[in-house]
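Please look over the structure shown here, with attention to its charged side chains. The report after it is written for a reader who has not met this structure before.

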Amino acid sequence: MNILKKLALGAGMAALLATTAMADGMVVGFSQIGSESGWRAAETSVTKQEAEKRGIDLKFADAQQKQENQIKAIRGFIAQGVDAILVAPVVATGWDEVLGEAKDAKIPVILLDRGIDGSPDLYLTSVASDQVHEGAVAAGWLVQAVGDKPCNVVELEGTVGSSPAINRKKGFDDEIAKHANFKITRSQTGDFTRSKGKEVMEGFIKAEDGGKSICAVYAHSDDMMVGAIQAMKDAGLKPGTDILTVSIDAVPDLFTAMAAGEANATVELTPNMAGPAFEALAAFKKDGTLPAKAIITESKLYTQKDDPAGEASRRKSLGY
Amino acid sequence: MEPVLQGRGLGKVFGAHQALQGVEIDLFPGEVHALLGENGAGKSTLIKILTGAYQPDAGTVVLEGAEVAFRDPLQAQAAGIGTVYQEVNLVPNLSVAENLYLGHQPGRWGFLNKRAMHDGAREVLATYGLEIDVRAELGSFSVAVQQIVAIARAVKLSGKVLVLDEPTASLDRAEVERLFDVVRRLKDRGLAVVFITHFLDQVFAIADRVTVLRNGKLVSTQAISGLSRTDVVRMMLGKDVVFAHAPAMTEAAEAGPALATFAGVGKKGSVQPFDLTLHQGEVVGVAGLLGSGRTEMARLMFGVDSADTGSISMGQPLTLRSPRQAVAAGMGFCPEDRKVDGIFGELSVRENIVIALQAKLGWFKALSRDEQDDIAGRFAEALDIRAANHDMPVRLLSGGNQQKVILARWLAIDPKLLILDEPTRGIDVGAHAEIVRTINSLREDGLALLVISSELDEVVAYSSRVVVMRDRAMVAELKGAEISPQVIVQAIAAQEGAAP
Amino acid sequence: MKLRVQRLITPQSIALVAVLVFNWVLFPGFFSVEWKDGRLFGSLIDVLNRGAPVAILAIGMTAVIATKGVDLSVGAVMAIAGAVAATSVEGGLSVWAAVPLALVAGLACGLWNGVLVAVLDIQPIIATLVIMVAGRGIAQLITQGFIVTFTDPALIYIGTGSFAGLPMTVLIAAALLIVTTLLVRRTALGLLIEAVGVNRSAARFAGISALSLLLLVYVFSGFCAAIAGVIVAADIHGADANNAGLWLELDAILAVVIGGTSLLGGRFSIPMSVLGALIIQAMNTGILVSGFPPEFNLIVKAGIIIAILILQSPVASRLFKRA
């Protein structure tokens with residue numbers, strides 16, 4: 001054994017001793033994708049809050065949508081000898097080498113919000129929502145709210161081919177198919193944006209007899225729903241009353257609409273991915289408890305009963 | 001001796017237009033045969049039939065006694081007839097050797113034998129008196145060298161007849177000489193060379209026989225030795241053109257008041273400082289070889305390039321940083337390269353004529369359509385611009401008519417000083433004569449003109465003074481009786497080689 | 001009169017009519033327009049309303065392309081202008097200050113592009129790429145990464161209000177079209193721009209100040225993009241820095257090309273470019289009301305565009321003449 005290796009081992013031992021000594025004084029690196037959406041910004045601020053709550057020293061690195069920045073950040077964390085690494089991977093492939101290095105350094109890695117194509121040995125666990133389940137929760141609310149009346153639903157899809165669009169459609173459509181009084185009459189992509197959501201909804205209203213034959217609208221994202229609500233209002237319809245709305249994400253602007261009675265329900269994509277991650281990490285550090293390979297976050301339903309005005313302002317402070 | 005290539009009763013019709021009718025031509029081995037005619041006379045149609053680019057509607061092509069019908073130029077080339085055009089159509093970023101052997105590289109089993117190729121190329125070019133690095137990119141050599149490489153390639157692939165289509169249009173005097181040397185070697189090797197050009201001097205310098213076409217018909221084929229320049233011009237035009245030198249008129253005009261003074265104007269790396277004063281009603285000719293600084297001088301005078309020394313005045317002091325300022329002061333400039341710097345190909349004849357006046361008037365004083373039609377009509381008539389209508393794109397006009405459009409553009413601003421850089425280059429004899437006439441009449445109207453030209457006869461004919469440029473400096477100014485082609489040539493050639 | 005009618009029959013107008021008829025076949029209610037809440041309401045109005053932003057971009061883009069240039073930055077400039085307008089009204093400014101501020105932001109972006117192209121002589125595609133890439137970042141800095149939602153009724157009116165039954169957006173686009181067309185055709189600007197586009201060197205020799213014309217067209221394109229950006233933000237009551245105007249530069253270029261202006265510069269027609277924008281929007285709206293699955297959107301669009309471009313290709317026009 002040469003001197004360098006000895007030194008490295010010594011340093012590793014010292015680090016190990018230090019962490020066991022003060023279990024909740026952990027140092028955790030977090031490689032975030034960027035801040036491309038309000039939800040992403042909220043995830044960052046919730047992660048920081050969750051770390052602070054637990055007395056964890058969070059090292060934050062913004063990758064600005066670039067995998068090479070994430071790889072650099074992870075190497076940096078390894079060099080600093082952090083206790084654990086959280087990664088929200090920007091793409092699914094190309095992680096084998098750098099996560100292998102983390103594994104060699106005995107630093108556990110937890111994936112947030114998105115998965116990777118690679119050996120499950122490379123990470124401790126992944127925390128993400130179940131997108132199919134989100135769609136099913138939305139459908140469940142609609143089925144319960146409408147009851148046995150016949151109901152024609154129009155659907156605003158996310159970007160064609162993206163996994164949230166595919167999964168949220170599948171979860172919703174499968175659940176709806178179980179109920180004969182429901183029919184999805186139109187489905188088009190609104191690219192997850194407000195303006196496309198508005199434009200597509202305008203088209204649906206024209207095509208469905210001025211909106212009279214639409215019973216409910218389902219949108220894969222709240223942003224599209226915010227646009228669709230405007231389209232309905234512009235056409236002289238009352239969203240939330242004439243046409244029921246249900247969408248996914250739980251962003252503040254949708255709660256504002258809900259407070260005004262213009263939206264009915266949203267399924268939360270929680271920005272708190274870090275909470276469950278820190279729980280799993282603490283258990284693992286304490287007695288080596290291995291968590292499940294995939295931790296699913298709760299897909300909570302919010303309706304007009306859940307203090308929408310309060311939710312709106314609470315969420316705005318998170319950076320949505 | 002038998003002719004190597006013959007055209008018998010050749011005819012070609014495009015739509016309703018009879019481009020060629022009953023033309024006979026014989027080409028003998030070891031002769032240089034000039035093909036002359038105004039634009040539209042049928043020269044290029046005839047050549048395209050002989051080289052397989054067109055199929056004749058009437059008549060036959062006979063090669064070495066046997067009738068042939070070429071599908072395309074490649075077939076004609078394989079049969080022995082090669083062509084070199086004005087624009088070298090080789091690949092500038094391949095090496096000289098690669099260009100020579102393109103498509104016929106020496107080698108075995110698909111492997112290129114570079115050494116054989118380079119040795120072969122060197123050998124071939126040596127027979128043309130050309131010793132250059134055959135591995136260098138073709139584009140790094142002058143147009144003349146590229147031209148010779150193109151000839152070498154054409155001769156290598158064909159070997160019986162070589163057609164040179166305006167090969168000298170972009171060459172200077174020394175380069176032309178070099179090209180002619182190559183042509184003479186080919187002649188001695190027994191090739192028949194067909195030579196198309198606008199330059200009568202060159203016809204007399206190199207050709208053995210000349211065939212003249214007019215309006216698609218054969219005028220005559222004659223040995224050059226029995227012809228005078230006037231004879232040839234008469235055959236081409238069917239009328240006499242006279243480049244009359246009228247010294248009495250030009251000398252009288254010199255008394256006009258000074259219009260523009262350029263004192264010590266120069267630019268480093270472009271033209272050494274020169275002094276020049278132009279008077280109303282005079283034509284100052286500028287003689288000099290390509291690269292002598294003649295064009296650069298004109299660019300400084302028109303503000304295309306900014307002078308870094310000297311002063312300019314036109315009644316009052318002028319600072320020229322752009323042509324716009326020169327135009328505002330009353331100057332106009334017909335550039336040497338019409339296509340690049342002169343015409344707006346896609347715009348109409350009318351728009352091309354009014355554009356400088358409109359630019360001078362500014363963005364918001366638009367000329368109405370009626371005013372535009374009026375201006376275009378007036379100047380088109382005055383300069384005899386031949387266009388089917390004034391709304392057709394100017395690119396469809398012949399070179400001579402395009403040049404007249406640019407002249408009209410400047411006359412429309414009612415200029416005081418006109419600079420013409422090679423106004424008669426590349427245009428047919430008829431248009432040529434008209435432009436010379438126009439220069440004379442503008443002088444009579446009191447304009448000052450500065451005319452750059454490579455055609456010494458022309459310079460002598462219309463200039464009241466001649467300045468001579470050499471090595472980027474003004475080296476002589478000739479007046480009155482001093483003005484003759486011989487004196488100018490001496491001034492251009494003086495101390496050649498003695499200069500640093 | 002006869003001649004006039006003939007002038008209206010162009011490949012573009014044929015294409016627009018064909019797309020509209022096609023839409024009508026797929027959705028019989030396509031041409032029905034009703035009066036509702038003091039405004040016209042129907043799919044045709046949607047085509048005009050939704051087509052307005054791209055039409056406005058295309059007006060500016062036409063001038064740029066006529067000079068042999070291209071402006072890739074317009075989508076990002078839209079995002080910047082929307083962000084400026086939204087944050088200004090949210091910051092307490094009145095709409096009379098916020099909108100001019102947004103337009104100034106657009107003018108500034110255009111000036112930047114113009115300086116790079118005209119003064120520094122950088123290729124337009126590269127020069128305008130700078131703001132195309134950086135512009136969204138600037139917009140995000142202005143909005144601090146949020147979708148800035150606003151409730152100012154005057155600003156919202158620009159995007160969703162109506163006057164004399166027609167959407168404001170349509171009226172703005174129409175006014176811009178008329179003013180610009182008159183400006184380029186009643187002054188010498190049109191001819192001088194075409195001259196610069198056909199042959200910049202010859203333009204210089206003819207005493208045209210190509211520099212100031214180039215500055216002008218890029219500044220104008222930035223101005224148009226800012227108008228479109230304000231409209232799009234006003235439409236959704238918010239500035240979405242990530243998505244506002246995303247890829248619309250390509251739609252605008254396509255509209256200009258469909259309108260028959262060559263990317264090589266020269267001859268241009270602003271009304272034709274607007275027609276091109278309407279063709280694109282008629283396709284988009286048609287797809288929305290037709291009920292095609294969204295997976296086919298792009299293929300359908302591509303197919304129609306190819307058909308239009310073939311229809312106006314030189315080869316096809318020669319066939320037309322023969323027929």
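What follows is an account of salt bridges and of the residues that form them.

This is a predicted model, in which local features need pLDDT of at least 70 and side-chain atom pairs count only at pLDDT 80 or more, while totals for chains, interfaces and linings use all residues. Residues are numbered from 1 along each chain as its sequence is written, chains are lettered from A and ligands numbered from 1 in the order in which they are written, and side-chain values use heavy atoms, with hydrogens and water left out.

Over all chains, the structure holds 54 salt bridges, a salt bridge being a side-chain nitrogen of Lys or Arg within 4 Å of a carboxyl oxygen of Asp or Glu. Three of them are set out below.

| Pair | Closest N and O atoms |
|---|---|
| Lys169(A) and Glu157(A) | 3.4 Å |
| Arg299(B) and Asp305(B) | 2.9 Å |
| Glu477(B) and Arg465(B) | 2.6 Å |

In chain A, Lys169(A) belongs to helix H6 (residues 163–177) and Glu157(A) to strand S6 (residues 151–157), so their salt bridge ties together parts that are 12 residues apart in sequence. Helices (H or I, at least four residues) and strands (E, at least two) are DSSP runs, numbered from the N terminus.

Burial is judged by relative accessible area: buried means under 20%, exposed over 50%, and partly exposed in between (1.4 Å probe, protein chains only). Lys169(A) is partly exposed at 23%, whereas Glu157(A) is buried at 5%. In chain B, Arg299(B) is partly exposed at 25%, and its partner Asp305(B) is buried at 17%.
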